[in-house]
Amino acid sequence: MPQPSRIIVLNGPTGVGKTTTGRLLARRGRNGACVHGDELAAFIVRRVEDEVGLGLGYVNGATVASNFVEAGYDLVVYDYCFEREANVARFLGACTRTADVFLFTLWAPLEIVRQREASRPGRTRLGARVLDSYETMGNSLDRLGQVVDCRDAPESVAARIDRLTMDSCGLLRAAEAA
């Protein structure tokens with residue numbers, strides 16, 4: 001019996017290395033895709049917050065990841081900032097039932113995160129947002145999946161996460177039988 005597809009959510013504070021690690025991790029699948037939450041957020045051109053729903057990055061990310069699974073991809077990585085448990089629940093509520101879903105929060109000392117964020121090519125600096133996301137996640141780190149120290153090279157971190165999923169570490173929800 002074939003293994004169920006895997007959706008791996010890479011969480012972490014702004015600038016920790018989610019996108020770099022996510023792309024490397026997705027390459028480890030026979031058919032792998034990496035969905036970047038920041039790119040989904042870029043679809044918004046204008047928004048009056050009192051007039052539209054918020055938090056669509058979680059729902060849209062789950063929907064896109066699910067579409068890849070339904071098309072036959074065995075490994076889909078979604079990298080985004082999940083600061084609270086409620087964000088994870090929102091993602092899971094919109095996610096396919098035919099894939100195992102894993103959550104890993106990439107973590108490193110704040111100074112390393114700040115250095116990485118400052119050196120990201122072609123991206124606007126996020127300034128105070130780095131500290132805000134780091135502190136918010138730090139307050140609920142024990143409820144945000146499997147924490148992975150990401151001070152090592154991204155290739156090593158991706159390989160470690162891939163191995164952890166094989167041992168069901170970070171599993172939030174197993175695929176339902178059809």
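**Helix packing and the strands around β4**

Helix α5 (residues 110-118) packs against helix α6 (residues 128-139) at an angle of about 145 degrees, the two axes lying 10 Å apart. The model described here is a predicted one. The crossing between α5 and α6 is right-handed. On the α5 side the contact involves Leu110, Val113, Arg114 and Glu117, which meet Val130, Leu131 and Tyr134 of α6. Sorted by class, the α5 and α6 contact holds 5 nonpolar residues, 2 charged residues and no polar ones.

Arg114 is worth a separate look. This residue belongs to helix α5, and its contacts, leaving aside residues up to four places away in sequence, are Val130 and Leu131. Arg114 and Leu131 are separated by 17 residues in sequence, and their C-alpha atoms are 8.2 Å apart in space. Is Arg114 buried, exposed or partly exposed? The relative accessible area of Arg114 is 37%, so the residue is partly exposed; burial would require a value under 20%, and exposure one over 50%.

The next topic is strand β4. Strand β4 covers residues 99-107, and 9 of its 9 residues are buried. Side chains in a regular strand alternate between the two faces of the sheet. In β4, Ala99, Val101, Leu103, Thr105 and Trp107 point one way, while Asp100, Phe102, Phe104 and Leu106 point the other way. Both sets are buried.

Which strands pair with β4 in parallel, and which in the antiparallel sense? Strand β1 (residues 5-11) runs parallel to β4 and is joined to it by 7 bridges. Within this pairing, Arg6 stands opposite Asp100 of β4. Strand β5 (residues 146-149) is also parallel to β4, with 4 bridges between them. There, Trp107 of β4 has Asp149 of β5 as its bridge partner. Strand β6 (residues 171-173) pairs with β4 in the antiparallel sense, over 2 bridges. Opposite Phe102 of β4 stands Leu171 of β6.

Strand β1 also contains Asn11. Asn11 has a relative accessibility of 0% and therefore counts as buried. What does Asn11 touch, apart from residues up to four places away in sequence? Its contacts include Leu103, Phe104, Thr105 and Leu106, and these four residues are listed among the buried residues of β4. The other contacts of Asn11 are Lys18, Tyr80, Cys81, Phe82, Met137 and Leu144. Among these, Lys18 falls at the start of helix α1, given as residues 18-26, and Met137 lies within helix α6, given as residues 128-139.

Helix α1 has a packing partner of its own. The axes of α1 (residues 18-26) and helix α7 (residues 154-166) come within 8 Å and cross at roughly 55 degrees. The two helices are therefore oblique to each other, since an angle of this kind lies outside the ranges for roughly parallel (under 35 degrees), roughly perpendicular (65 to 115) and roughly antiparallel (over 145). The passage of α1 over α7 is a right-handed crossing. From α1, the residues in contact are Thr20, Thr21, Leu24 and Leu25; from α7, they are Pro154, Glu155, Val157, Ala158, Ile161 and Asp162. By class, the contact of α1 with α7 is made up of 6 nonpolar, 2 polar and 2 charged residues.

Ala26 is also placed in helix α1. With a relative accessible area of 7%, Ala26 falls under the cut-off and is therefore buried. Beyond residues up to four places away in sequence, Ala26 touches Gly32, Ala33, Cys34, Leu75 and Val77. Ala26 and Gly145 are 119 residues apart in sequence, with 19 Å between their C-alpha atoms.

One further helix pair remains. Helix α3 (residues 56-70) and helix α4 (residues 85-93) pack at an angle of about 35 degrees, and their axes are 8 Å apart. The crossing of α3 past α4 is right-handed. Leu56, Tyr58, Val59, Gly61 and Ala62 of α3 meet Asn87, Arg90 and Phe91 of α4. By class, this contact of α3 with α4 comprises 5 nonpolar, 2 polar and 1 charged residues.

Terms used. Residues numbered from 1 in each chain as written. Predicted model: local features only at pLDDT ≥ 70, side-chain atom pairs only at ≥ 80, totals over all residues. Heavy atoms only, no water. Axes fitted to C-alpha atoms, helices over the stretch in contact; angles between N-to-C directions. Left-handed = near helix turned anticlockwise from the far one by under 90°. Contact = heavy atoms within 4.5 Å. Nonpolar A, V, L, I, M, F, W, Y, C, P; charged D, E, K, R; others polar. Buried < 20%, exposed > 50% of the residue type's maximum accessible area, 1.4 Å probe, protein only. Pairing = 2+ DSSP bridges.
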